[in-house]
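Please look over the sequence and the structure shown here, and then read on for a report on a few of the side chains and how they are placed.

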Amino acid sequence: MALASGLAVGLAWLPASPVMAQTPSARGLPDFTDLVEQVGPSVVNIRTLEKVRPSAAGAGTPDEEMQELFRRFFGVPMPNGPRQAPRQQRPQEEAQPRGVGSGFILSSDGFIMTNAHVVEGADEVMVTLTDKREFKARIVGADKRTDVAVVKIQATGLPAVKVGDVSRLRVGEWVMAIGSPFGLENTVTAGIVSAKQRDTGDYLSFIQTDVAINPGNSGGPLINMRGEVVGINSQIYSRSGGFMGISFAIPMDEAMRVSEQLRSSGRVSRGRIGVQIAPVTKEVAESIGLGKAQGVLVRGVEEASPAEKAGLEAGDIITRFDGKPIDKPADLPRAVGNTKPGSNVGITVFRRGGLRDLSITVAEVEAEKVASATPEKKAPVASAQHWGLTLSDLTEGQKRELRVRAGVRVDAVADAASRAGIREGDVILAIANTEVTSLKEFELIMSRVDKTRPVSVLIRRGDGAQYVLIRPAQ
């Protein structure tokens, strides 16, 4: 108070300045109350369930050590930990909670948008509205590559969101999120747009914000001050598993394009031309006479692919596709992927000192390639094989995508690990309260573990983490 009073007295004698007179002392913070009332009823809570098989039912009731490790990793208590029923009290084949996410109503007849990773692997999807009505939802379609999914509930007269124009979104403007972080329904957070066109993946550029997003917010809307949805909250950058000031949202124009295909056919059709690409460095550009670093280098051409038929060669530099400039490697897969299969488009390449225009007919990405790239299978390490696991180290790209600092990926699963409920694609973060940073560290930990007793394992699956208890064979 003394400092504030002194400042006021010290400024009192200053003469009025024209500049000071014209500049407002404070613009004031925005009021989000009307936005919450307007958009809040369109936001839903999504719970996913999975049917626990008899061999995996009740595997791993969390104890005090597990809860402590969860707090150490994520900075919060284990969600629903103390309320879990003892193993012997769980009926076999009972649908057990799998995860919590968010979503929002696209149309009054019950179409709802969320993230693909929210509903991935779920046996049942339950949607709860703000008026507490609950519906069992049908998954219309999910696209892993963009992380967009559409589900449908049997209801009418629902309050649908207004979709905003992402091109009007400006860096620095206020935005708001509504979702269910850690299962806390209808939680409102706000911040500003930190950046646009942020490349964190190979297919989409994201909206970056500083809006607080945590596990459970996934699939919820990012809302501008006009009450329009401009993105789907999808990712965070974190070293702890929780919010650290950087969040990413899928731009709504991209999400709507994907959702329209999901609603019409249940899948997304994308183009491909069959090339392997790499960046063009400044040194390479100067040495071949291209001038500035632009385009993408063709490292290889698939046999019998559209690229081979069009005459592309290894060493070509693609500078334009369908009239659009290609400035960096991410531009080409996005441009090709957004092209309707069967379309004949122009492509410009730089080859041996000059530009050439070619014509290429775009093919369709095979269904299994749309979902995700198949990881290279590695031979099981000895200790992992004891549990029935085939593991591999995470690449730096996978760590960024999964938002983890360490861990090992499960490439295949059988025996004890399978009975415990571990799945292919899970990431093992810790064993017996010890962090797993690599395969080498996994082997070291396993050498000290008593394999005749149940062992607690912390895994990352989708947007959340959970414990399983691997039991020795009887």
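In this predicted model, Leu-29, Trp-174 and Met-225 together make a nonpolar surface patch of about 320 Å². Leu-29 lies in the loop between α2 (18-22) and α3 (33-39), and with a relative accessibility of 74% it counts as exposed, because exposed means over 50%.

A contrasting case is Thr-209, which is found in strand β10 (residues 205-209) and counts as buried, since its relative accessibility is 1%. The side chain of Thr-209 reaches the backbone nitrogen of Val-211 at 3.2 Å. If residues up to four places away in sequence are not counted, Thr-209 touches Val-175, Ile-192, Val-193, Ser-194, Leu-222, Gly-245, Ile-246 and Ser-247.

Helix α14 (residues 439-448) shows both conditions in one element, for its buried residues are Leu-439, Phe-442, Ile-445 and Met-446. These residues cover an arc of only 120° around the axis, and therefore they sit on the same side of α14. On the other side of α14, Lys-440, Ser-447 and Arg-448 are exposed.

We now turn to charged side chains. Side chains of opposite charge can pair when their charged atoms come close. The count of salt bridges in the model comes to 19, and the table gives three of them.

| Salt bridge | Closest N to O distance |
|---|---|
| Arg-423 and Glu-50 | 1.8 Å |
| Glu-185 and Lys-132 | 3.9 Å |
| Glu-254 and Arg-257 | 3.1 Å |

The pair of Arg-423 and Glu-50 links distant parts of the chain, 373 residues apart, with Arg-423 in the loop between α13 (415-420) and β24 (427-431) and Glu-50 in strand β1 (residues 43-51). Arg-423 is partly exposed, with a relative accessible area of 24%, whereas Glu-50 is buried, with a relative accessible area of 16%. Both residues also belong to a network of salt bridges that links Glu-50, Arg-423, Asp-426 and Arg-461.

Glu-185, in the loop between β8 (174-179) and β9 (187-199), pairs with Lys-132, in the loop between β4 (124-128) and β5 (134-143), so the pair ties together parts that are 53 residues apart in sequence. Glu-185 is partly exposed at 34% relative accessible area, while Lys-132 counts as exposed at 58% relative accessibility.

Why are Glu-254 and Arg-257 separated by about one helical turn? They are three residues apart in helix α6 (residues 252-265), which means that about one turn of the helix lies between them. Glu-254 is partly exposed, with a relative accessible area of 23%, and Arg-257 is partly exposed, with a relative accessible area of 23%.

Notes: Residues numbered from 1 in each chain as written. Predicted model: local features only at pLDDT ≥ 70, side-chain atom pairs only at ≥ 80, totals over all residues. Heavy atoms only, no water. Buried < 20%, exposed > 50% of the residue type's maximum accessible area, 1.4 Å probe, protein only. Helix = DSSP H or I, 4+ residues; strand = E, 2+ residues; numbered from the N terminus. Arc of directions from axis to C-beta. Patch = residues over 30% accessible without salt bridge, like charges linked within 9 Å, V, L, I, M, F, W, Y side chains within 5 Å. Areas by Shrake-Rupley, 256 points an atom, 1.4 Å probe, with all protein chains shown as cover. Salt bridge = Lys/Arg side-chain N within 4 Å of Asp/Glu carboxyl O. Polar contact = N/O pair within 3.5 Å; in protein donor to acceptor, adjacent residues only side chain to side chain. Contact = heavy atoms within 4.5 Å.
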